[in-house]
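The following explanation accompanies a single protein chain. The reader is invited to keep the structure in view while following the text.

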Amino acid sequence: MTVNRLSDLTWEEVGALDLDRTVAILPVGATEAHGPHLPLDTDVTIAEAMAEAGARRLSAAGLEIVLLDGLPYTPAAFSARFPGTIDIGAATFTALLVDIAASLRRAGIATLAIANAHFDPANLEALHAAAAAVGGGDSIRVVFPDLTRRPWGSRLTEEFRSGACHAGRYEGSILLARDPGRVREEIMRGLDDNPVSLSAAIRAGLGDFAEAGGTRAYFGYPSQATAEEGRATIETLGEILAEAVREALGEEVREALGEEKK
């Protein structure tokens, strides 16, 4: 099987895909502030890395993969005060996802997997709302491994699990592995630790990064980021996405791959 980029294909090539074995993967991330050292599209970069790593595993298992271009505009209220952040309404975002899913289904694709790297509460709510709205009947199957929920998040790094992980070691490491030339590394190495748990601040009802203690739009330990950790994290993210797809397809994927029922 192969990994295709939807934007590289012609419409006839899409129509010629083995649709019974095809999974579309949509990377989702925000355009938002990520400290003074990481680019605004950090989440999109991470989501695309996750999507590609998952695609390789699913393709190796015999599925055909269609990678969609990363979706860079999402609800991002927590960072809306910072210049450059694009914050769109949750209802707008949910409707967009539902329409994307419907278009894929019209093409005959039965499964859409979402590789999400943006954890603003409004974004997560919109993603779950879209998955619920799409599901049922003959509509497309949506697979969304929410990294903020078990069991997925427990497989990621210590900093990620702590909740102090926005533009910190976790995200900085992935960017160093994926696109090091876009990291302002000299600035990053000079940043103080910010161990405030963003997830705890959200649970406490705080409304944005500054209120939560991230006046420069970062949380965690950015100076400790390494490309080695980033490469390992990307592989873990790919494993999570591939495993979620296999679990969602269940016996159907075994039949599609010609395996015996168990």
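**From an interior loop to the whole chain**

Ala 167 is placed in the loop between helix 5 and helix 6. In this predicted model, the phi angle of Ala 167 is near 60°, a positive value in a residue that is not glycine. Most residues other than glycine have a negative phi, and most peptide bonds are trans. The relative accessibility of Ala 167 is 0%, so the residue counts as buried, the limit being under 20%.

A second alanine shows a positive phi as well: for Ala 217 the angle is near 65°. Ala 217 belongs to the loop between helix 9 (209-212) and helix 10. Its relative accessible area is 1%, and Ala 217 is therefore buried. The backbone also contains a cis peptide bond, which links Arg 150 to Pro 151 with omega at about 0°. Pro 151 is located in the loop between strand 5 (141-143) and helix 5.

The loop that holds Ala 167 leads to helix 6, which comprises residues 169-178 and is mostly covered, with 7 of its 10 residues buried. The buried residues are Tyr 170, Glu 171, Gly 172, Ser 173, Ile 174, Leu 175 and Leu 176. They pack against four helices, namely helix 2 (42-60), helix 5 (158-162), helix 7 (185-189) and helix 10 (227-249).

Attention now turns to the strands. Thr 22 is part of strand 2, which covers residues 22-28. With a relative accessible area of 3%, Thr 22 is buried. Its side chain reaches the backbone oxygen of Asp 18 at 2.8 Å. Beyond residues up to four places away in sequence, Thr 22 touches Leu 17, Glu 64, Val 66, Ile 109 and Thr 111.

The loop between strand 3 (64-67) and helix 3 (90-106) contains Leu 68. Leu 68 has a relative accessibility of 9% and so counts as buried. When neighbours within four places in sequence are left aside, the contacts of Leu 68 are Leu 6, Ala 24, Ile 25, Leu 26, Pro 27, Ile 100 and Leu 104. By contrast with these contacts, Asn 194 lies 126 residues from Leu 68 along the chain, and their C-alpha atoms are separated by 35 Å.

Ala 77 also has its place in the loop between strand 3 and helix 3. Its relative accessibility is 38%, and Ala 77 therefore counts as partly exposed. Outside its neighbours within four places in sequence, Ala 77 is in contact with Asp 87, Asp 120, Gly 207 and Asp 208. From Ala 77 to Leu 147 the separation is 70 residues in sequence and 19 Å in space, C-alpha to C-alpha.

These local views can be set within the whole chain, which has 11 helices and 5 strands. Its radius of gyration is 18 Å, close to the 18 Å that the globule rule gives for 262 residues, so the chain is as compact as a globular protein of that length. Along the principal axes, the C-alpha trace spans about 55 × 35 × 35 Å. Of the 262 residues, 50% count as buried. Among contacts between residues at least 6 apart in sequence, 79% join residues at least 24 apart. The chain exposes about 11600 Å², of which carbon and sulfur atoms supply 50%. Finally, the chain carries 24 positive and 39 negative charges, and the mean positions of the two sets are 4 Å apart.

Notes:
Residues are numbered from 1 along each chain as its sequence is written. This is a predicted model: local features need pLDDT of at least 70, side-chain atom pairs count only at pLDDT 80 or more; totals for chains, interfaces and linings use all residues. Side-chain values use heavy atoms; hydrogens and water are left out. Helices (H or I, at least four residues) and strands (E, at least two) are DSSP runs, numbered from the N terminus. The radius of gyration is taken over C-alpha atoms; the globule rule is 2.2 Å times the number of residues to the power 0.38. Buried means under 20% relative accessible area, exposed over 50%, partly exposed in between (1.4 Å probe, protein chains only). Contact means heavy atoms within 4.5 Å. Accessible areas come from the Shrake-Rupley method with a 1.4 Å probe; for residues, only the protein chains shown count as cover. Lys and Arg count as positive and Asp and Glu as negative; His and the chain ends are not counted. The place of a charge is taken as NZ of Lys, CZ of Arg, CG of Asp or CD of Glu. A polar contact is a pair of N or O atoms within 3.5 Å; within protein, one must be able to donate a hydrogen and the other to accept it, and residues adjacent in sequence count only if both atoms are side-chain atoms.
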